[in-house]
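This report examines one helix and the enclosed space of a protein chain. The sequence and structure are shown first.

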Amino acid sequence: MSDRMKVLVVDDDVVSRMVLMHLVDTSGHFEVHEAEDGEDAWRQLEGGLRPAITFCDLRMPHLSGTELLARVKADPQLAHMPFVLASAASEGSVADQASDMGANAYLVKPFQVEEVRALLAGLQEPADGGDELAAQTVRRLGIDANRLLLYLGGLHKQLVAASPLIEQLLACGETAEARAQLARLREGCSTLGLLGAAAAFEALEAQDAPLLPCEVEPALDKARQSALRQSELARALAAS
């Protein structure tokens, strides 16, 4: 039995399907599966196929990409599977709709090698706590991977400096300022796609009990590790 990560490519257009399968196959050691439409993909998923990621065309007969996505998200066994919608339409409204429905990313045809490889790279070093894929963050912010890398480096420096600063603020009883620092860090993490770290900071902000350094430091460490991990993915994206 193969120990390679499984990738499912769903497209009723055989040429587009073959092109994407070739891109995946040349981007690492993956076991590529194909489906000719949404119904075919759903049969395979119901039959036990568990891909690490699914690339799916938006508009298909029998069962569209959005209809397949809705089924996937409604199934507890499949809901956490990364799902990427693809279409020839480049309108922002289509990408927003895909995101609202739970798609992890949206690709515009013809496929760009660097975008596909960045999504696959994210599988080989999984994002933490539901973090955004670097390629998705770049697209959302309208920046390139090098700019994202620069922003992540700046955030990491802030997270390192925050440990002694917040500890000192709490020791001096300046809880409000400590919470304000956490709020700024949460906003930075959220902006750069570190959603797991942002959620950890938000939980600290929401608690009624006094903040303790022993509670704050794990959240800061989680955020620092997420920033470093996302930086590696952004670096791979920039080099692709």
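A cavity is a set of points on a 1 Å grid over the protein atoms alone where a 1.4 Å probe fits but cannot get out, and its lining residues have an atom within 4 Å of a point. Grid points are joined across faces, edges and corners, and a volume is the space filled by probe spheres set on the points. The model is predicted: local features need pLDDT of at least 70, side-chain atom pairs count only at pLDDT 80 or more, and totals for chains, interfaces and linings use all residues. Residues are numbered from 1 along each chain as its sequence is written, and side-chain values use heavy atoms, with hydrogens and water left out.

**Cavities**

There are 2 cavities of 30 Å³ or more. The second largest has a volume of about 30 Å³, and its lining includes Asp11, Arg17 and Asp57. Two or more lining residues come from each of β1 (5-10), α1 (14-25) and β3 (53-57); helices (H or I, at least four residues) and strands (E, at least two) are DSSP runs numbered from the N terminus.

**Helix α7**

Helix α7 covers residues 145-171. Its buried residues (under 20% relative accessible area, 1.4 Å probe, protein chains only) include Leu148, Leu152, Leu155 and Leu159.

| Feature | Value |
|---|---|
| Span of α7, first to last C-alpha | 39 Å |
| Kink at Ala162 | about 40 degrees |
| Phi of Gly173, just after α7 | about 80 degrees |

The bend at a residue is the angle between axes fitted to the seven residues ending there and the seven starting there. The kink at Ala162 lies shortly before Pro164.

How values were computed: 1 Å grid on protein atoms, 1.4 Å probe; cavity = no way out; pocket = protein on both sides within 12 Å on 5 of 7 lines; lining within 4 Å. Expected span 1.5 Å × (residues − 1). Buried < 20%, exposed > 50% of the residue type's maximum accessible area, 1.4 Å probe, protein only.
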